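Q: Please take a close look at the salt bridges of this chain. I should like to know where the partners sit and whether they are buried or exposed.

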Amino acid sequence: MRDHRSPTKFNRRAAIGLLGAGLAAPFIRPGHAEAAWPEQTTIPDILKGSGEVRIATFGGTMQETQQKAYFEPFERLSGIKVHAFPGTNPTKIKAMVETGNVEWDIAQLSRGSIMNLQKQGDYFEKIDYSLVDDGVGAAYRFEYGLEMLVWAQVMGYRTDAFKGDAPKGWADFWDTKKFPGDRAMGGTGAGGWPEMEFALMAAGVPADKLYPLDIDKAFASYEGIKKAVVKWWDTGAVPIQLLTDREVAMTTVWNGRMAALQAANVPAAICWNQGLMKRDAWGIPKGAKNATNAMKFAAYSTMAIPQARIAFGIPYGQVNAKSNDYIPPERLAVLPSAPAIRSQLVNYDYDWWIDNRDTVVGRFNKWLLS
């Protein structure tokens, strides 16, 4: 990630420490929430075992929630020891598999990252769907990954930056006169994909006409915001810290990170309109030492109650249709999968990105240096 204003690069471990110590805790540990979380008391014998499973995550608020939602219960119920590691990254997995030094057994990635690596070679084990709960719909299943989380990439902004006015879409993000202040946007430093959709919607392309993306038009639109972007972030903790420190007035951000920020009483809000609906998946790296335990964990984590528990700790949606039975209506109403929010979001087209990712990322990286 490049920052033309400062040479500092945010270390993921340091950023996770910031969130774990200050921002995440108030959100996932309130007393009333502790009592409300549903409990998984038993699991099928086929998901039990011994030994360990090494899980790579995105860290921060997400990992803290996962620890309570299903790492600890799975370890207790299955007899399999869980070791969690922040810093999941498709580039690291590619290197691990190619060198035969596979340090993780299962990793949280986007569906697109898994499909993109498989397009290049044989980097993941096939999923054993005989273990997976039937509440997980077909849309969340694919050969080399099991989707386990629904989330949104949205606009976050400081509510004290614009004298009571609020941005309503990406045209406002691009409008530095009406909404002055520095911006931050997602970069490609950790294997991320450019936010071309936002550039196009800022240029007036309707949400339902985005795909296939007009690459030339997107880059032309990017030119209008480039000078205002002081950070092209590549880890989810970065935009949160930038908003907290008043280094930016607006940023693109993962919706779950914003919840922790708001819980810490930072004057910030989400603009849901024209956000991207995305999904994370579990992938088991080829040659993982504990692949069987990894598959058992993936199956457990997508059962109805573990999926519901995630929603109590961080406002992300579920892939198991039966999970809603365990989530109160007031909590459902703030999830990306809630009808009132979902209607404002654009479904991210992973298939288009798989076909065009290399071309777009290469051009984006050159554009950043121009």
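A: The following account deals with the salt bridges and then with the chain that holds them.

The model is a predicted one. Its salt bridges number 16.

One of them joins the side chains of Arg 54 and Asp 105, with a nitrogen-to-oxygen distance of 2.8 Å. Arg 54 belongs to strand β1, which covers residues 52–57, while Asp 105 is placed in the loop between α4 (90–99) and β3 (106–110); the two are 51 residues apart, and the pair links distant parts of the chain. Buried means under 20% relative accessible area. Arg 54, at 11%, is therefore buried, and Asp 105, at 0%, is buried as well.

A second pair consists of Asp 122 and Lys 286, whose closest N and O atoms are 3.6 Å apart. Asp 122 lies in the loop between α5 (111–120) and β4 (141–142), and Lys 286 in the loop between β9 (268–283) and α11 (291–301), so this salt bridge ties together parts separated by 164 residues in sequence. Asp 122 has a relative accessible area of 42% and is partly exposed. Lys 286, at 31%, is also partly exposed.

Lys 322 and Asp 133 form a further salt bridge, and here the closest N and O atoms are 3.0 Å apart. Because Lys 322 is found in the loop between α12 (304–313) and α13 (329–332) and Asp 133 in the loop between α5 and β4, the pair ties together parts that are 189 residues apart in sequence. Lys 322 counts as partly exposed, with a relative accessibility of 34%. In addition, Arg 111, Glu 147 and Arg 279 are joined into one network by salt bridges that share partners.

The chain around these pairs may be described as follows. Its secondary structure comprises 15 helices and 10 strands. The radius of gyration is 20 Å, close to the 21 Å given by the globule rule for 370 residues, so the chain is as compact as a globular protein of that length. Along the principal axes, its C-alpha atoms fill a box of roughly 60 × 45 × 40 Å.

Of the 370 residues, 60% count as buried. Among contacts with a separation of 6 or more, 74% are between residues 24 or more positions apart. The chain exposes about 14,700 Å², of which carbon and sulfur atoms supply 51%. As for charge, there are 42 positive and 39 negative side chains, and the centres of these two sets lie 4 Å apart.

Definitions and conventions:
Residues numbered from 1 in each chain as written. Predicted model: local features only at pLDDT ≥ 70, side-chain atom pairs only at ≥ 80, totals over all residues. Heavy atoms only, no water. Salt bridge = Lys/Arg side-chain N within 4 Å of Asp/Glu carboxyl O. Helix = DSSP H or I, 4+ residues; strand = E, 2+ residues; numbered from the N terminus. Buried < 20%, exposed > 50% of the residue type's maximum accessible area, 1.4 Å probe, protein only. Rg over C-alpha atoms; globule rule 2.2 N^0.38 Å. Contact = heavy atoms within 4.5 Å. Areas by Shrake-Rupley, 256 points an atom, 1.4 Å probe, with all protein chains shown as cover. Lys, Arg positive; Asp, Glu negative; His and termini not counted. Charge placed at Lys NZ, Arg CZ, Asp CG, Glu CD.
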